[in-house]
Amino acid sequence: MSSDAKLQASARAMALREAIGRHDHAYYVLDAPTVSDAAYDDLMRELNSLEAAHPDLCTPDSPTQRVGGKPASGFAPVRHGRAMLSLANAFSEADFADFNRRVCERLGREDVAYVAETKLDGLAINLTYENGTLVSAATRGDGEVGEDVTANIRTIGAVPLALKGAPRLIEVRGEVYLPHEGFEALNRAQLASGAKAFANPRNAAAGSLRQLDPAITRARPLTLYCYGIGQVEGGELPQTHFETLAWLREMGCRVSPESQRVNGQAEALRYYREIEARRPHLGYDIDGVVFKVDRLDWQVELGQVSRAPRWAIAYKFRPEERETRVLAIDVQVGRTGQLTPVARLEPVFVGGVTVTNVTLHNADEIARKDVRVGDMVVVRRAGDVIPEVVGVVLDKRPPGTVPFEMPQAVPDQADQQQIQALIHFASRRAMDIEGLGDKLAEQLLRSGLVQDPADLYALSLEQLVSLERLGEKSAENLLRAIDLSRTTTLPRLLHALGIAEVGEATARQLASHFGDLDALAEASVAMLEEVPDVGPIVASKIAAYFADDEHRERVHRLRTLGVHWPAVTRAPADNLPLTGWTVVLTGTLESMGREQASEQLAALGAKVSGSVSKKTSLVVVGADAGSKARKAAELGIPTIDEERFSALLAAPAEVLQTLRP
Ligand code: 9MJ
């Protein structure tokens, strides 16, 4: 191509990128579209085909690159340039007055100007721009280190891929959230496709952002408001927080139009009451108002205690209260036999979640509140707090109710086999759910909260705290451990499922042979028998497992509840020294553990199998080896001792020479 044509293409691509960026800004940030959908699509199509013809014209900030197409390989940790702070809370006017007094005293002022912002209930995010180009997006994490969600964040239209007039480096902080309209549309789509609806916009936003496939994130109507900056290099900083917001807006960031400067306590409280009144009409969830000292030099002067700045406070709204009907009162049994009454409620959406169960704690509490089946009760839930019954609406008590009486005992809902299966599922070498030991597994099953291992991934904090002897801290830890276990590997999951005859080694073999779960679940007995280590009996057990609807449903639920694993690289490349060799380890090795030996063999291309069969090519015989060594001799399979095994690992080709018939 002539350099003229090339130059022309380059200029055209630049013009298209600029125009599309402008339309995106107008549509997503200013909420004022400047072009019809069809005209916009035309621009995108033209840019796409230009970039397809000239790949070197495709820049990372090109709007065509919002969906990289490539699924993220996981969420790598990223250290924030500057720590992301968390906010101290106020729950009453008195709390806010205390905060204001402390600020004024420290600064030696009568009155301080604040910036008042709505407190979005979404996910805090840190966007890093270098020379104006978005290079990284990370979740808050622990404030110091978050998770890399760049590929997913890029798909959000309101996130500028490039900033106008940005300094050399800037971290932009904001909250990613789902507006109500988008949330409802998403839930309609979820239900239509047979998936579970999300409990609230926050969960939906979090779930959408944590998708490994950015294409899924892209299909979710997420947006964001920016409300601050972190590290900045190479540019002059504003003097006040309010100017910072204006600066962000100028650079092209979406900033909430609700943010206002207020002077002193009286104006602050007026803003709070005004926003509280408008809260139902905002179109997105907020859970309070954030007040930030406006002058940045004063922010520096005030400093911070641990992670919370002294110059800001989140004044939370009063917990929401709703009325609903008590449908039943069930009694859960703790491990040591204590009985806990639990009210089953007509589902009610309160404080951002649908509440269906609420603990009534014990016989005394239920008697004191006199909660009866059929009663209308007031339920309250604030933020992350466990929902509670505030009291009975006596005016609405239907005729014929009777005081609740605690039963003496309730039937046991779990059998020993279920308990063992759940313990195995959670064990360290399976799903590795820390803290879910024997006692808790038993308690979860006996209470009826968990009937199938997949139910673990649907547990809520309120449900866990309703268990006898499980404090809020332990419940939170357990939920975190369960959440961590969502990210797993295919061998672990297969092992956890407890398929008869499928231990850890077989699970690994199955995973590397089939690469993914669907292929395995659909495999015929004959196909399963091709896997090393898998004979006709094991193959038929595996096939039978996946033929069972209950099991298929379990796997489906695990997936829809967020359990995920990377695809396994299919069986080893065929050019490694031990490719085609099936090796069995038996007896004790002195120089390394069996796992390490297996890994080293696998790295050389060998399949490591647990049992000796006609398919075995070599048996490594350690100390005190038993029947496997005998069987190898019977079948005429070559064996080597540990010394030769070490030699094999060091120089495979040479040792193999001596083994080949
Ligand atoms: C929310 N969630 O809307 C902050 N936030 O500032 C606003 N959060 C914040 N500001 C410093 N508006 C740390 C967190």
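1. Contacts first. In this predicted model, 67% of the chain's contacts with a separation of 6 or more come from residues 24 or more positions apart. Worth keeping in mind when you read along the sequence.

2. On secondary structure, you'll find 25 helices and 22 strands in the chain. The C-alpha trace spans about 95 × 90 × 50 Å along its principal axes.

3. How much of the chain is buried? Of its 661 residues, 47% are buried. The accessible surface of the chain adds up to about 32,400 Å², and carbon and sulfur atoms hold 50% of that.

4. Now the charges. The chain carries 74 positive side chains and 90 negative ones. As for where they sit, the centres of the two sets lie 1 Å apart.

5. If you were looking for disulfides, the count is zero. Take Cys226: which cysteine has the closest sulfur to it? That's Cys253, with its sulfur 4.2 Å from the one in Cys226. A disulfide needs the two sulfur atoms within 2.5 Å, so the Cys226 and Cys253 pair is too far apart for a bond.

6. Two cysteines to look at for burial. Cys226 has a relative accessible area of 2%, and Cys104 comes in at 8% relative accessibility. The cut-off for buried is under 20%, so Cys226 counts as buried, and so does Cys104.

Conventions. Residues numbered from 1 in each chain as written. Predicted model: local features only at pLDDT ≥ 70, side-chain atom pairs only at ≥ 80, totals over all residues. Heavy atoms only, no water. Buried < 20%, exposed > 50% of the residue type's maximum accessible area, 1.4 Å probe, protein only. Helix = DSSP H or I, 4+ residues; strand = E, 2+ residues; numbered from the N terminus. Contact = heavy atoms within 4.5 Å. Areas by Shrake-Rupley, 256 points an atom, 1.4 Å probe, with all protein chains shown as cover. Lys, Arg positive; Asp, Glu negative; His and termini not counted. Charge placed at Lys NZ, Arg CZ, Asp CG, Glu CD.
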